[in-house]
Amino acid sequence: MPKLVLKGGSRPPWVGLAAAVWVQIAAGSSYNFSLYSHLLKSVLGLNQQQLTVLGVANDIGESMGLIPGLACNRFPPWVILLFGAFCCFVGYGAIWLAVSRTVPNLPYWLLWLTHCIATNSNAWFGTAVLVTNMRNFPLSRGSVAGILKGYVGLSAAVYTVIYSMVLRKSALNLLLFLAIGIPILCLALMYFVRPCTPASSEDPSERSHFLFTQASCVLLAVFLVSTTIVDATTTPSDAVAYTLVAIMVIFLMSPLAVPIKMTICAKTKKLGSRVDSVEPLASGESDSSQIEPLLTPSSSATNLGSFYENDDASDVETLLAVGEGAIHKKKRRPKRGEDFKLREAVIKADFWLLWFLYFFGVGPGITVLNNLSQIGISLGVNDTTLLLALFSFCNFVGRLGSGVISEHFVRSRMIPRSLWMMFALILMAIAFLLYASALTGTLYVATGLIGISYGVLYSMMVPLASEIFGLKNFGVIFNFMQLGNPIGAVLFSVLLASTLYDKEAAKQGSITCIGQQCFRMTFFILSGVAGLGSIVSMILTVRLRPVYQMLYSGGSFRLPQSSGH
């Protein structure tokens, strides 16, 4: 692996995080499928089964991140973002050509492939910014994952506002925007997403900076939901619509306030230090007996040095013994909390417990997301815009909230993050039972609960995988975990939900099923799957408890000696 050049200083990581926010919004393009799927169905003459399979193509493309994961260890982030922009342009450009009839009679298999390519750009975008920022902020992994995954959760609402107020609900223009606008955005930002020298100890101001970023994210979420409701209940004028979009852009730019504030404070301190240095120089005072070193070791560095002192001594003795031929050196396998390669991780029980835990959660969650329109129509809600906005907002709450809460308890109580995944799966199981009951008002409550649970699972898997298996090969391991997404979509959305839905629709003599029986059996099965996932999560939590006690025994994450870029 070539050595990446690290950017020094405390401000570049925050500039990169602010740029990553926009890239993460771009990485949520797959959520737009429900906004243009009706155009695909009407223009290309697709049936519901064919449309569902295209939705699965979205999930497959988005989750195929093993190649981006490998690439992030060999190339700088801008190369990863550049290839993602290329995939986005080619994929959505081809879909636009087919739907606009510029290229008529595009084969169905090729249309399926273009959806995979288009949404595969999200894997390149997400991997580039997530891996880079997790490495730039290794002591605040939960907060970083919560923020970045939270913005992905908000991307559906951002695109809905653009679709409604700028593109005037034109699905064709939306596809053109995805094909041209997103690549241009990522090309403009790719310079700012770069690996930086991570801090060796906690910065007291870092907590306030994260709180500000999280607060601005929450305000953006509230604004987006309010804007969606206003658009759904009224018809805003062009001036009002563009004003609301401008306010949204300002909210998206708010994380830049952190590096700007740091720049202003640094210049103020520099100016103050120059003024203070004038007095002793003018009076000729100097004390040669008090000479301080330019660099002093931090307390954390000292502690880490003593922590690994015995290991270093034993390593030296081992090397001497090997040189004398007394023993043969045997490579030690990594322990949990150290850097694993993928082939070393897959033989661990914790790896598969985490994989199945994630699979049992995101599989049912993606089934609801892919079929949200049909679920709403079957239960008497024809306009599902509010349902999608509700799911997006609650998804964001789950992602950001779980990052904040888990970070607090992992530092104060050393509680594994998998515990919050267990609570999310229990909540999801209850939500599916509410769906199945079809009582008045339960549709919105259940959709909100599913959104929260789905967000928690996505957000918690990221820091959990990095804490167990390290950051060195995090991109590959994280994207392997995400394979649970397309596999769950195929099993639960296509083979289960669509099959049962079509059977009920056939009984009614129509392609559209109406009534609670359309998804009732599906909801009962998915509730059981989520319940099984909660049991797996409980087992993993018990196994990880001593690991977290070791990693966070000092109140913050203890960086392994071999950690690095």
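Me: Between which helices does the loop that holds Ala438 lie?
Reply: In this predicted model, Ala438 is placed in a loop rather than in a helix. One flanking helix covers residues 418-437 and the other covers residues 442-469. The loop of Ala438 therefore joins the two helices named H18 and H19.

Me: Is Ala438 buried, partly exposed or exposed?
Reply: A residue counts as buried under 20% relative accessible area and as exposed over 50%. The relative accessibility of Ala438 is 26%. Because this value lies in between, Ala438 is classed as partly exposed.

Me: What is the approximate phi angle of Ala438?
Reply: Ala438 is a residue other than glycine, and its phi is positive. The value of phi for Ala438 is near 55°.

Me: Which residue in the loop between H7 and H8 has a phi near 60°?
Reply: The loop in question lies between helix H7 (141-166) and helix H8 (171-189). A positive phi, near 60°, is found there in a residue other than glycine. That residue is Lys169.

Me: How many helices does the chain contain?
Reply: The chain has 565 residues, and 53% of them count as buried. It has zero strands. The number of helices in the chain is 22.

Me: What share of the contacts with a separation of 6 or more joins residues 24 or more positions apart?
Reply: The contacts considered here are those in the chain with a separation of 6 or more. Residues 24 or more positions apart account for a share of these contacts equal to 85%.

Me: How are H1 and H6 oriented relative to each other?
Reply: Helix H1 (residues 12-26) packs with helix H6 (residues 108-136), their axes being 10 Å apart. The angle between them is about 155°. Angles over 145 degrees count as roughly antiparallel, so the orientation of H1 and H6 is roughly antiparallel.

Me: How many charged residues take part in the contact of H1 with H6?
Reply: On the side of H1, the contact includes Pro13, Leu17 and Gln24, while the side of H6 includes Asn122, Phe125 and Val129. The residues of this contact divide into seven nonpolar and six polar. The number of charged residues is zero, stated as no charged.

Me: Which class holds the residues of the contact of H1 with H8?
Reply: H1 and H8 pack at about 160° with axes 10 Å apart, and they are therefore roughly antiparallel. Ala19, Trp22, Val23 and Ala26 of H1 meet Ile182, Leu185, Cys186 and Leu189 of H8. There are no polar and no charged residues in this contact, and eight belong to the class called nonpolar.

Me: What is the handedness of the crossing of H1 and H8?
Reply: This crossing concerns two helices that pack with their axes 10 Å apart. The crossing of H1 and H8 is left-handed.

Me: Why are H19 and H20 called oblique, and at what angle do they cross?
Reply: Angles from 65 to 115 degrees count as roughly perpendicular, and those over 145 as roughly antiparallel. The crossing of H19 with helix H20 (residues 474-481) falls in neither range, so the two helices are oblique to each other. Their crossing angle is roughly 130°.

Me: How many nonpolar residues make the contact of H19 with H20?
Reply: H19 contributes Met461, Val462, Ala465, Ser466 and Phe469, and H20 contributes Phe474, Ile477, Phe478 and Met481. One residue of this contact is polar and none is charged. The number of nonpolar residues is eight.

Me: With which residue does the side chain of Asn395 make a polar contact of 3.0 Å?
Reply: Asn395 belongs to helix H17 (residues 385-412) and is buried, with a relative accessible area of 1%. Leaving aside neighbours within four places in sequence, Asn395 is in contact with residues including Tyr31, Gly153 and Tyr454. The polar contact of 3.0 Å joins the side chain of Asn395 to that of Arg399.

Me: How far is a polar atom of the side chain of Ser534 from the backbone oxygen of Gly531?
Reply: Ser534 lies in helix H22 (residues 520-551) and counts as buried at 11% relative accessibility. Not counting residues up to four places away in sequence, Ser534 touches Met422, Leu425 and Ile426. The distance from the backbone oxygen of Gly531 to the polar side-chain atom of Ser534 is 2.5 Å.

Conventions:
Residues are numbered from 1 along each chain as its sequence is written. This is a predicted model: local features need pLDDT of at least 70, side-chain atom pairs count only at pLDDT 80 or more; totals for chains, interfaces and linings use all residues. Side-chain values use heavy atoms; hydrogens and water are left out. Helices (H or I, at least four residues) and strands (E, at least two) are DSSP runs, numbered from the N terminus. Buried means under 20% relative accessible area, exposed over 50%, partly exposed in between (1.4 Å probe, protein chains only). A polar contact is a pair of N or O atoms within 3.5 Å; within protein, one must be able to donate a hydrogen and the other to accept it, and residues adjacent in sequence count only if both atoms are side-chain atoms. Contact means heavy atoms within 4.5 Å. Axes are lines fitted to C-alpha atoms, for helices over the stretch in contact, and angles run from 0 to 180 degrees between N-to-C directions. Angles under 35 degrees count as roughly parallel, over 145 as roughly antiparallel, 65 to 115 as roughly perpendicular and the rest as oblique. Ala, Val, Leu, Ile, Met, Phe, Trp, Tyr, Cys and Pro count as nonpolar, Asp, Glu, Lys and Arg as charged, and the others, Gly among them, as polar. A crossing is left-handed if the near helix is turned anticlockwise from the far one by less than a right angle, and right-handed if clockwise.
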